[in-house]
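Student: Please take a close look at the salt bridges in this model. Then show me what surrounds them.

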Amino acid sequence: MSVIQFLCQHKSAGWKAGLALLLVLGLYAFYSLLLSPTKIALVNFPSYQVSNIAMANDSRLIKVKEVKAEDASSLKSYDAILLFGPGLRLTEEQTENIEIAGKKGTAVYTFVFSSGSINNHHVDSLQEQQLDIYYNNRSRKNYRNMLYYIRSTFDSRKLFQTKAGEPLLIPSDIFFHLEEGVFFRTADELTNHLREKKLYKENAPRIAFVSGMTSPLEGNRSYIDSLITRLTDAGFNVYPIASAARRQELMESVHPDAVVYLPMGRLGGDKTVEWLTENNIPLFCPLSIMLSRDEWLSDDKNKGVTGGYLTARIVLPEIDGGIDPLVISTQNQHPNGYFMFDAESERLDNFTQNVKNYLQLRNKPNKEKRLAICYFKAAGQASLVAAGLEVAPSLYELLKRLKQEGYQVDGLPDTFDSFNQLLKKQGAVLGAYAKGAQDDFMKNGNPLWVSKSTYEQWASQTLVPEKYKEVVDKYGEAPGDYLSTTRDGEPSLAIARLQFGNVVLFPQPHAAEGDDEFQIVHGASVAPPHAYLAPYLWVQNEFKADALIHFGTHGSLEFTPGKQAGLSNRDWPDCLIGSLPHFYYYSIANVGEAIIAKRRTHAVMLSHLTPPFMGSRTRGRFSGLFSDIDAWYQAPESKQQEIGLKIKASVLKLGLQRDLQLDSIANKPYTAEEIERIENFAEEIANEKMTGRLYTLGQTYTPEDIESTVIAMSADPLAYSLARLDALNGKITRKQLENNTYISRRYLTPVKSKLKQLLASPVQNPERLMQDFASLSRADLMKARATDMAVNPRQLSMSEMMAMAAGDENDNSGKSDESGGMKMPAGIPKVGKMPDWVKKRIEARKQAKKEGKKAVLPEVPQEEKDFSFAVLEIERTLKNVLSYKQLLESSPESELQGFLHALNGGYIAPSPGGDVVLSPNTLPTGRNMYSINAEATPGTRAWDNGKALAEATLHTYFKKHEDWPRKVSYTFWAGEFIETEAPPWHKPLYAGSRAGT
């Protein structure tokens, strides 16, 4: 029977059912229109902020939900859609769904800044302003009232409205403490509060604690409170700060002994570094990570902190000299579905102890400090050399200085020879295969003996059980087979070490078993053996060192298994360092691996000089070849074949044909093009820079070594810049500019001669130097600077952008005209006719201003950029030639001072790393290395250089194969990227865009 037939037969029941249906529909409509909760979608907000907003809600009539961008199709059912502008990327379909919702009546608003693809809907300017006030003054109360405001304003037909309170205006620069919603405007106000709470300790060290990531008043701050409490319990007076615009002013008002910074970008820039340096204030930078605890602790190819988070939280703070990037909290999903930051208790204790141990070095007398120094040595009779450093004499120089400074270094031999013999006897590293040598060492090498029971007790106190199990599973029960025997009835392990009073030296043992020493040093993927763990456990548990030094590039601890950054106590480097202040003496030239060591062992990297640079001294080897080539160029065509055969004989004798992939047929002369290639290649080798004698800590280069190193640092940039200017002025051809032999003879040789004269008889007048070296006038220099300003406008740092967002009028950010273009600095003279590109830029700005648009400025011509770069490179080099000499002379002492300052708990100023020839700003050494300034790299010059390199690569291939390559492959080295500021990375980007076209 159909429904219609049934209703016809049962009319009374049909009417009742219809009325019931209408009633239900009416009630549903009434509920939906007047009683239902206001549904608010949060799109693209950080998870921690979603939880802050949602948990501020106390109304059953408001529902807040996080909606992923990929789920934008579900947004049509919401009453309000709030978007977080930064990083918002939507597909066309997702954007369209939001637009449809807006057109149907949903309020749509984007916070911070508009994405450009989403329009605000049903929100007028006054409402925008009110929403921004609630949001920007982040606190639980303001979030709660913002939600009330959204329901009452954008869903106003609903009954049971709660009136939104006026926004609580929170200053953007405040002190705070443990009490929610309470803040202070000055350090003195907070001091009085701490005294009232009986938390203030007279004469105790002060810590300025800067929260760089989240507002402490908006909730979700238990991890911040935990850190404040831990530091307070450790004996510090803690001054928490939430500030961007006045951050340094507030820090200075605390007069801190240390700064703890939860980082988001740099702490404050170069002025802050100067303040930290002048006042000797160490900077500690713990991490609050976005991974869940399970993700963070997972061993499944977990690299820890990576990507943009690594840049903002570790790379940029390193530029300020930040140390100890230790995780203190993770982000986890709670039963209510929201993500919250949770303190990691063990890591908080570890970080707090790190800070305490570091600052205790300031107050402990030198004679009481106990120092452990681990030095790198290859197995067997290999000499004690680490990346150009003479380790044994350098250790002796350090020990002598420590003794002079009052450290107890009892028993230190009076001569280096005696010390060196002792080091060889008691500080040996023996291969697993050398059983006889092992037996002799255990009998005569005066090792430290550690019983199995003592060793296992140390392991249980220091390592989590699963880590020690890895060792036992791999190598068996302690003490293992290496340097072990039975003593006093118990299996025992021998540790090589030399102890002089309160200072102990020990060689770093092998990090794994096997014969492949290179693989072992560079990272065996297994747990270290008992013999490797034992000295580190002894240093922590029995010797009880106040500080640990790793001496010489490079050891193996930083390559043991575990995460790359943001380590836990389940990662071997962290296990074996513990909470010791850690300093690593490392070659300035090996910055790539230095940064691995820095982040994985939370070390202060104290840089040291490389061996001095000198000419390759191979020119004499090629003298006959050069003479024959010169004769070939000058000979008539009838004589060239005869001379060409002599050239070929020389090339074959020297073996150059293999490097240049030329033929080896002795009776067939090379072509003119091939002879030019041979000459360029031989000239390049003859001019190659090479290092001389090994470097020793504390020993200054000889005057000859300083001269040759300064020339190596200065000659190339001067010679090639002079040649580039001559090419721009039509004095030499492009082909001559690219000819090594021509540049060497016409520019490089005269420049080296002038540099020697300058070093012998210093000229201090920079304008005179510019005139003598390059015939450049002040007008040329001003033009070059103005062009550079146009090509490389100053970029705001992350900390400056945060300050501007907080409403600061930052007068250091460069002054702009109304159309957004940088104004010329005052004092630049108007020289000659205005260049066409300047006119075009002025017109573009005027037109954009008229149309109310952002100006699209024409490119600066390449020849103008080349002129600017060459002139400024000449100016930079000439200004610094004498400084290079002074810095090379002072660096050995700076390194010793760096050790002493670090061991006194001082702030070690930051320094870029890299080869001093390519990166002269790495001088003086003895500073704390960082990798690269991610806020300033890459620059426009890097793109131009990378483009030129890519063009050369592609054209070389085309010339050889008469076709363009279909695929281009490159190998990247971190050190090369850092030293050159990124041209190698631009090269494949540009080449990839050209390959196959």
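**Charged pairs and their surroundings**

Tutor: Start with D574 and R347. Their side chains meet in a salt bridge, with 3.0 Å from N to O. D574 belongs to helix 21 (residues 572–577) and R347 to helix 13 (residues 345–363), so this pair ties together parts 227 residues apart in sequence. D574 and R347 are both buried. Keep in mind that the model is predicted.

A second salt bridge joins the side chains of E893 and R401, again with an N to O distance of 3.0 Å. It links distant parts of the chain: E893 sits in helix 34 (residues 862–903), R401 in helix 14 (residues 391–404), and their positions lie 492 residues apart in the count. The two ends are not alike in exposure. E893 has a relative accessible area of 34%, so it is partly exposed. R401 has 16% relative accessibility, so it counts as buried. The cut-off for buried is under 20%.

Helix 34 takes part in another such contact. R785 forms a salt bridge with E875, and the closest N and O atoms are 2.4 Å apart. R785 lies in helix 31 (residues 778–791) and E875 in helix 34, so the pair ties together parts 90 residues apart in sequence. R785 is partly exposed, at 31% relative accessibility. E875 has a relative accessible area of 10%, so it is buried.

Some bridges share partners. R266, D270 and D320 are joined into one network that way. The full count is 34 salt bridges. The general point is simple: side chains of opposite charge can pair when their charged atoms come close.

Now the nonpolar surroundings. The largest nonpolar core has 121 residues. Helix 34 gives the largest share of this core, 15 residues. So helix 34 holds E893, holds E875 and feeds the core as well. The residues with the most contacts inside the core are L399, L505, F551 and F583. Take L399. Leaving aside neighbours within four places in sequence, L399 is in contact with I373, V409, L412, F419, F500, V503 and L505. Apart from this core lies another, of 44 residues, including V450, W458, L493 and L580.

Two of the L399 contacts, F419 and F500, also lead to the aromatic pairs. There are 26 aromatic pairs. The ring centres of F419 and F500 are 6.2 Å apart and their planes stand at 40°, so the pair is tilted. F419 is in helix 15 (residues 416–426) and F500 in strand 20 (residues 498–500), 81 residues apart. Both rings' residues, F419 and F500, are buried. Elsewhere, F45, F84, Y109, F111 and Y135 form one aromatic cluster.

Finally, the sheet. An open sheet of 6 strands runs in the order 6-5-8-7-9-10, with mixed pairing. Strand 6 (183–184) and strand 10 (283–284) stand at the edges with a single partner strand each, so one side of each has no neighbour in the sheet. Strand 9 (residues 258–262) and strand 10 run parallel, joined by 2 bridges. V260 stands opposite F284 in strand 10. Helix 8 (residues 222–233) lies across strand 5 (174–176), strand 7 (206–211), strand 8 (237–242) and strand 9, at about 170° to strand 7. Helix 9 (residues 247–254) lies across strands 5, 7, 8 and 9, at about 160° to strand 7.

Terms used: Residues numbered from 1 in each chain as written. Predicted model: local features only at pLDDT ≥ 70, side-chain atom pairs only at ≥ 80, totals over all residues. Heavy atoms only, no water. Salt bridge = Lys/Arg side-chain N within 4 Å of Asp/Glu carboxyl O. Helix = DSSP H or I, 4+ residues; strand = E, 2+ residues; numbered from the N terminus. Buried < 20%, exposed > 50% of the residue type's maximum accessible area, 1.4 Å probe, protein only. Pairing = 2+ DSSP bridges. Contact = heavy atoms within 4.5 Å. Axes fitted to C-alpha atoms, helices over the stretch in contact; angles between N-to-C directions. Core = buried A, V, L, I, M, F, W, Y, C linked by side-chain atoms within 4.5 Å. Phe/Tyr/Trp six-rings, centres within 6.5 Å; stacked < 30°, edge-to-face > 60°.
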